[in-house]
Amino acid sequence: MNILQINSSARSVGSESTRLADALVAKIVAANAGAAVTRRDLAANPHPVLDEPALQALFTPADQRTAEQAARVALDDALIAQVQAADVIVIGAPTYNFGITAQLKTWFDAIARAGVTFKYGATGPIGLLTGKKVYVTLSRGGVHRDGPSDTQLAHIKMFLSFVGLTDVQYVFAEGLGMGPEAVSKAQAQAEAEINAILV
């Protein structure tokens, strides 16, 4: 089993979403002898944003790219290869200002590649990253689950489905900015959710 862990917090230390992702991965590894884990920390190793030079590189035929363009595309290729090789993907996803982090958006932009991770058919897009299990640990300062302010979850669900990642389970830790008692409650609930989904 190949496990890919994506930490998308801007914090390389002290992130609750990363702590929960670590706990979830540890539990999966404990139940699957020989499992290999690849971790990508998008704060410690930031991926370049999708800007105009990157778009020009991606839309230039491979045999016509400059060395600089080829190098830029190769950065995205490496992330796509990690996802393609993974059997299980664990994403640590904190909520920043009601949405996903810039780090996670950059990762989404890097792995969304027409003809590689999705394609368009007669009835619309078809995701090509199929047959993988995904877990997402979501941490929030407030409480947004199932409410109109939870735009983050809708974005994540839509994107993962778009590229074919449809077998997804979510772990929530909410109210982390609402005092020590709320933090303890959120952590206990999140850990209970992890135990429930990884029996």
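**Entry 1: helix α4**

I began with helix α4 and listed its buried residues as L104, T106, W107, F108, A110 and I111. The model I am reading is a predicted one. I then looked up what these buried residues of α4 pack against, and found β1, α3, β3 and α5.

**Entry 2: the largest nonpolar core**

I turned next to the largest nonpolar core, which holds 29 residues. Within this core, I noted I91, W107, V136, I156, L160 and Y170 as the residues that touch the most other members. I recorded the elements that each supply at least two of its residues: β1 (2-7), α3 (67-85), β3 (88-94), α4 (102-111), β6 (133-139), α5 (151-162) and β7 (167-173). The largest share, five residues, comes from α4. I note as background that nonpolar side chains tend to be buried together in soluble globular proteins.

I followed I91 in detail. Leaving aside residues up to four places away in sequence, I91 touches I6, L104, W107, V134, Y135, V136, T137 and L160. Apart from the largest core I found another core, of 16 residues, with A35, V171, A186 and A190 among them.

**Entry 3: aromatic pairs**

I asked how many aromatic pairs the rule counts. The count comes to four. I examined W107 and F108, whose ring centres lie 6.0 Å apart with the planes at 45 degrees, so I entered the pair as tilted. W107 counts as buried because its relative accessibility is 1%, and F108 is likewise buried, with a relative accessible area of 1%.

F108 also pairs with F159, and I recorded this pair as stacked, at 4.0 Å centre to centre and 15 degrees between the planes. The pair links distant parts of the chain, since F108 sits in helix α4 and F159 in helix α5, 51 residues apart. F159 has 10% relative accessibility and therefore counts as buried. I noted that ring pairs link W107, F108 and F159 into a cluster.

**Entry 4: pockets**

I then looked at the largest pocket, which contains about 290 Å³ of space. Its lining comprises 13 residues, and those nearest its centre are L50, D109, A112, R113 and A114. I noted α2 (52-58), α4 and α5 as the elements that give two or more residues to this lining. By class, the lining of the largest pocket has nine nonpolar residues, one polar and three charged.

For the second largest pocket I recorded a volume of about 190 Å³. It is lined by 13 residues, and R11, E16, P94, Y96 and S139 are the closest to its centre. The lining of this second pocket divides into three nonpolar, seven polar and three charged residues.

**Entry 5: backbone angles between β3 and α4**

Lastly I checked for positive phi values. N97 is not a glycine, yet its phi is positive, at about 50 degrees. I located N97 in the loop between β3 and α4. Is N97 buried or exposed? With a relative accessible area of 74%, N97 is exposed.

F98 also has a positive phi, of about 75 degrees, although it is not a glycine. I found F98 in the loop between β3 and α4. Its relative accessible area is 47%, so I entered F98 as partly exposed.

Methods: Residues are numbered from 1 along each chain as its sequence is written. This is a predicted model: local features need pLDDT of at least 70, side-chain atom pairs count only at pLDDT 80 or more; totals for chains, interfaces and linings use all residues. Side-chain values use heavy atoms; hydrogens and water are left out. A nonpolar core is a set of buried Ala, Val, Leu, Ile, Met, Phe, Trp, Tyr and Cys residues joined through side-chain atoms within 4.5 Å. Buried means under 20% relative accessible area, exposed over 50%, partly exposed in between (1.4 Å probe, protein chains only). Helices (H or I, at least four residues) and strands (E, at least two) are DSSP runs, numbered from the N terminus. Contact means heavy atoms within 4.5 Å. On a 1 Å grid over the protein atoms alone, a cavity is a set of points where a 1.4 Å probe fits but cannot get out, and a pocket is an open set with protein on both sides within 12 Å along at least five of seven lines; lining residues have an atom within 4 Å of a point. Grid points are joined across faces, edges and corners, and a volume is the space filled by probe spheres set on the points. Ala, Val, Leu, Ile, Met, Phe, Trp, Tyr, Cys and Pro count as nonpolar, Asp, Glu, Lys and Arg as charged, and the others, Gly among them, as polar. Rings of Phe, Tyr and Trp (its six-membered ring) pair if their centres lie within 6.5 Å; planes under 30 degrees apart count as stacked, over 60 as edge-to-face and the rest as tilted.
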